[in-house]
Amino acid sequence: SNLQRILAIEQSRNDPMISRGLISLAESVLSLEEKMDVLEDIVARERRALHHMEDLKEAAQDQKSEIEEKIRLGKENENQHFFAVSTKMQNIITEQTPNRKILQVHSTPNTSKTSGYADPPSRTARSSLTPKILRYSTTTTPMIELQHICFDIITAQELDALSKGVRGRISLAVVNDALRDIERVVKHKYAILQHGHKISEYRKYANAHQELETTDHEGLPWVSEYDMRHSCPFFRSGESTARAILAVLRSLRRLKQVPSKRSEVTYVCLCSNC
């Protein structure tokens, strides 16, 4: 460099003070050059990191677009399924509704001589002649009255009669509280199936019920372990405690375990009124 050439010239002049100053200046310049190299490396790494972040952003945007497209297709399929179910239910209602041409209301005077047509039946007559369309109906499970879903409480004599291995350390109050929680969940389920007003909620329970229902349920009210796990407080006490409570209720013939479709477990409610 120019500085090194100047340094060589001054050294040739044998001026020690100028030589020392030039040497110090040369060292400072070398130090600055090294620092510049380090800064250039840092800038290059930051630039590569920035490019990588931009690539990640583009990939995330592509993934977001793909997810939104799947959600849109899922909603379209859901709407198509809902319309298909609605059409099927409408066809069932149409088949069950009697033909109005054959209805006769004797209390209404016949005016066919003047108008050529018989008077339509009154509102009272129509409501008495039209069959009631049940909100929920399957080939295996009849309509279940909600007041009939009621467990008999467990007595101390029943609990004491169980073996220590089955009962464990479960107290009478804990077992009866769990029984009432299960009864509440079952009533809520059948209330939605029979009188649900929200279409999405009714469709969710109806589809789950029909997918899991088998002939082993014998027309009795039942509930899935999935519903109990997400709605009954005793499952929050721990898996082992919940299993012990269910074992006690099965031993005391309040519940009957039934394997259902898709390898899911359901429990038939052995109520005294069912």
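**Exercise 1. About how many helical turns separate Arg 180 and Glu 183 in helix α7?** Work out the spacing, then look at how the two side chains interact and how much of each is covered.

*Solution.* One thing to keep in mind throughout: this is a predicted model.

Step 1. Arg 180 and Glu 183 sit 3 residues apart in helix α7, so about one helical turn lies between them.

Step 2. Now the side chains: Arg 180 and Glu 183 form a salt bridge, with 2.8 Å from N to O.

Step 3. Check the cover on each partner. Arg 180 has a relative accessible area of 31%, so it goes down as partly exposed. Glu 183 comes out at 9%, so it is buried.

**Exercise 2. Find the salt bridge that Arg 184 makes with Asp 181, and classify both residues by accessibility.**

*Solution.* Step 1. The N to O distance between the side chains of Arg 184 and Asp 181 is 4.0 Å. A salt bridge needs the nitrogen within 4 Å of the carboxyl oxygen, and this pair is listed as one.

Step 2. Both residues belong to helix α7, again 3 residues apart, or about one turn.

Step 3. Arg 184 has 42% relative accessible area and is therefore partly exposed. Asp 181, at 16%, counts as buried, because buried means under 20%.

**Exercise 3. Step back to the whole structure: how many salt bridges turn up, and which residues are linked in a network?**

*Solution.* Step 1. Searching the whole structure gives 10 salt bridges.

Step 2. The network links Glu 225, Arg 229, Glu 239 and Arg 243.

Step 3. Another bridge worth a look pairs Arg 167 with Asp 160, whose closest N and O atoms are 2.9 Å apart. Arg 167 has 22% relative accessibility, so it counts as partly exposed.

**Exercise 4. Sketch the fold as a string of elements, then say which element gives the largest share of the largest nonpolar core.**

*Solution.* Step 1. Count the elements: the chain has 10 helices and 3 strands.

Step 2. Put them in order. Starting at the N terminus, you get α-α-α-α-α-α-α-α-β-α-α-β-β.

Step 3. Turn to burial. Of the 274 residues in the chain, 25% are buried.

Step 4. Pick out the core. The largest nonpolar core holds 39 residues, and the ones with the most contacts inside it are Ile 182, Met 228, Phe 234, Leu 246, Leu 249 and Leu 255. Elements giving two or more residues to this core are the helices α7 (172-195), α8 (199-212) and α10 (239-251), along with the strands β1 (222-224), β2 (255-259) and β3 (265-269). Helix α7 supplies the largest share, with 9 residues.

**Exercise 5. Which residues form the negative surface patch, and which form the nonpolar one?**

*Solution.* Step 1. For the negative patch, collect Glu 33, Glu 34, Asp 37, Glu 40 and Asp 41.

Step 2. For the nonpolar patch, collect Met 36, Val 38, Leu 39 and Ile 42, which together have about 350 Å² of accessible area.

Step 3. Place one residue from each. Asp 41 lies in helix α2 (residues 16-96), and Leu 39 is in helix α2 too.

Step 4. Check how open they are. Asp 41 has a relative accessible area of 44%, so it is partly exposed. Leu 39 is at 47%, so it also counts as partly exposed.

**Exercise 6. What is the phi of Glu 218, and what is that of Arg 253?** Locate both residues and classify their exposure.

*Solution.* Step 1. Recall the background: most residues other than glycine have a negative phi.

Step 2. Glu 218 isn't a glycine, yet its phi is positive, at about 55°. Arg 253 isn't a glycine either, and its phi is also positive, at about 55°.

Step 3. Locate them. Glu 218 is in the loop between α8 and β1, while Arg 253 is in the loop between α10 and β2.

Step 4. Classify them. Glu 218 has 55% relative accessibility, so it counts as exposed. Arg 253, with 60%, is therefore exposed as well.

**Exercise 7. Is Glu 213 buried or exposed?** Give its location and its C-alpha distance to Val 223.

*Solution.* Step 1. Glu 213 is in the loop between α8 and β1.

Step 2. Its relative accessible area is 7%, so Glu 213 is buried.

Step 3. Glu 213 and Val 223 are 10 residues apart along the chain, with 9.8 Å between their C-alpha atoms.

Technical notes: Residues are numbered from 1 along each chain as its sequence is written. This is a predicted model: local features need pLDDT of at least 70, side-chain atom pairs count only at pLDDT 80 or more; totals for chains, interfaces and linings use all residues. Side-chain values use heavy atoms; hydrogens and water are left out. Patches are made of residues with over 30% relative accessible area and no salt bridge: like charges are joined within 9 Å, nonpolar side chains (Val, Leu, Ile, Met, Phe, Trp, Tyr) within 5 Å. Accessible areas come from the Shrake-Rupley method with a 1.4 Å probe; for residues, only the protein chains shown count as cover. Lys and Arg count as positive and Asp and Glu as negative; His and the chain ends are not counted. The place of a charge is taken as NZ of Lys, CZ of Arg, CG of Asp or CD of Glu. Helices (H or I, at least four residues) and strands (E, at least two) are DSSP runs, numbered from the N terminus. Buried means under 20% relative accessible area, exposed over 50%, partly exposed in between (1.4 Å probe, protein chains only). A nonpolar core is a set of buried Ala, Val, Leu, Ile, Met, Phe, Trp, Tyr and Cys residues joined through side-chain atoms within 4.5 Å.
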